[in-house]
Amino acid sequence: MSKVVAIYGSPRRKGNTALLLQEAVRGARQEGAEVEEVVLRDLKMSPCLEIYACRNSGRCAIQDDFQKVYDSILESRAVMLASPIFFYAVSAHTKILMDRCQSLWVRKHWLEEASSDRSSPGRKGLFISVGATKGKKLFDGTLLTVRYYFEAIDCELWKSLLYRGLDFEGDVLQHPEYLEEAFQAGGDLIRALESDEAR
Ligand SMILES: Cc1cc2nc3c(=O)[nH]c(=O)nc-3n(C[C@H](O)[C@H](O)[C@H](O)COP(=O)(O)O)c2cc1C
């Protein structure tokens with residue numbers, strides 16, 4: 001059974017990205033995946049303090065809720081990450097998680113231990129984001145960040161679902177086609193993992 005971690009990065013529990021990610025989780029579970037849901041706003045997580053104690057073991061030295069998320073990422077075959085656009089970037093909750101994963105970057109690049117077993121296919125990542133405005137470049141900076149983040153955690157950015165023009169809580173409910181797309185993506189992700197494994 002494929003293990004997946006779904007990370008909710010919005011401060012809103014029932015915001016647009018949360019509703020979309022819930023659909024992706026539902027799609028993945030329908031395909032038999034075991035999905036762990038992580039709601040960043042419920043966790044106590046310090047920002048990265050740049051002490052680089054992770055150089056010794058590849059593990060962050062700050063003892064807080066990140067430790068559990070670190071294990072969940074290492075155990076997963078796929079990561080589903082959802083964040084709203086805040087000032088053309090990910091939310092602060094999401095950015096704190098990303099920076100704490102510098103320990104995984106260190107593990108991979110300095111300690112030369114891949115965060116996933118090299119004999120098995122790497123992780124796949126689904127990124128979901130929404131912004132209120134409609135500009136062409138709305139997601140450009142964030143996608144650079146997310147690509148680099150996923151690379152650090154040994155995760156291929158398999159698909160991004162990006163929606164413009166959604167602002168107030170629940171705006172996405174006016175777009176059942178977006179929710180359907182997220183549900184499909186969740187299922188497709190698990191099918192893609194299974195086809196990798198069958199190779
Ligand atoms: C602090 C803050 C910064 C924001 N910055 C942007 C922005 O740069 N561009 C944009 O289009 N929307 C911006 N928004 C709007 C959110 O992206 C939008 O409300 C989104 O639907 C929130 O998603 P959520 O419901 O999943 O939290 C911002 C909202 C907040 C609270």
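# Briefing: strands, pockets and selected residues

A92 is exposed, its relative accessible area being 52%, just as the cut-off for exposed is over 50%. The structure is a predicted model. A92 sits in helix 4, and helix 4 is among the elements that give two or more residues to the lining of the largest pocket. The points below cover the strands, the pockets, helix 5 and a few single residues.

**Strand 1 and its partners**

- Strand 1 covers residues 3-8, and 5 of these 6 residues are buried, so the strand is largely enclosed by the rest of the structure.
- Strand 1 pairs with strand 2, residues 34-39, in the parallel sense, and the pairing runs over 6 bridges.
- Within this pairing, Y8 has V39 of strand 2 as its bridge partner.
- Between strand 1 and strand 2 the chain passes through helix 1, residues 16-30, and the resulting β-α-β crossover is right-handed.
- Strand 1 also pairs with strand 3, residues 78-84, in the parallel sense, here over 5 bridges.
- In strand 3, L81 is the residue that stands opposite I7.

**Largest pocket**

- The largest pocket holds about 370 Å³ of space.
- Its lining consists of 22 residues, and those nearest the centre of the pocket are M98, D99, R100, C101 and Q102.
- Helix 4 (92-100), helix 5 (102-109) and helix 6 (140-152) are the elements that each give two or more residues to this lining.
- By residue class, the lining of the largest pocket has 15 nonpolar, 3 polar and 4 charged members.

**Second largest pocket**

- The second largest pocket holds about 270 Å³ of space.
- It is lined by 17 residues, of which I85, F86, V130, G131 and A132 are the closest to its centre.
- The lining of the second largest pocket divides into 9 nonpolar, 6 polar and 2 charged residues.

**Helix 5**

- Helix 5 is mostly covered, with 6 of its 8 residues buried.
- The buried residues of helix 5 are S103, L104, W105, V106, R107 and K108.
- The cover over these buried residues includes helix 2 (54-57), helix 3 (66-75), helix 4 and helix 6.
- Helix 4 and helix 6 also appear, together with helix 5, among the elements that contribute to the lining of the largest pocket.

**Buried residues outside helix 5**

- V69 belongs to helix 3 and counts as buried, at 2% relative accessibility.
- Apart from residues up to four places away in sequence, V69 touches V38, L43, M45 and L97.
- V69 and L19 lie 50 residues apart in sequence, and their C-alpha atoms are 21 Å apart in space.
- S76 is placed in the loop between helix 3 and strand 3.
- The relative accessible area of S76 is 6%, and the cut-off for buried is under 20%, so S76 counts as buried.
- With neighbours within four places in sequence left aside, S76 is in contact with K3, V4, V5 and R123.

**Exposed residues and positive phi values**

- E50 is found in the loop between strand 2 and helix 2.
- The relative accessible area of E50 is 62%, and the residue is exposed.
- E50 has a phi near 55°, which is a positive value in a residue other than glycine.
- F87 lies in the loop between strand 3 and helix 4.
- F87 counts as exposed, with 84% relative accessibility.
- The phi of F87 is near 50°, again positive in a residue other than glycine.
- A92 and L40 are 52 residues apart along the chain, and their C-alpha atoms are separated by 9.9 Å.

Definitions and conventions
Residues are numbered from 1 along each chain as its sequence is written. This is a predicted model: local features need pLDDT of at least 70, side-chain atom pairs count only at pLDDT 80 or more; totals for chains, interfaces and linings use all residues. Side-chain values use heavy atoms; hydrogens and water are left out. Buried means under 20% relative accessible area, exposed over 50%, partly exposed in between (1.4 Å probe, protein chains only). Helices (H or I, at least four residues) and strands (E, at least two) are DSSP runs, numbered from the N terminus. Two strands pair if DSSP finds at least two bridges between them. A crossover is right-handed if, with the strands pointing away from the viewer, the path from the first strand over the helix to the second runs clockwise. On a 1 Å grid over the protein atoms alone, a cavity is a set of points where a 1.4 Å probe fits but cannot get out, and a pocket is an open set with protein on both sides within 12 Å along at least five of seven lines; lining residues have an atom within 4 Å of a point. Grid points are joined across faces, edges and corners, and a volume is the space filled by probe spheres set on the points. Ala, Val, Leu, Ile, Met, Phe, Trp, Tyr, Cys and Pro count as nonpolar, Asp, Glu, Lys and Arg as charged, and the others, Gly among them, as polar. Contact means heavy atoms within 4.5 Å.
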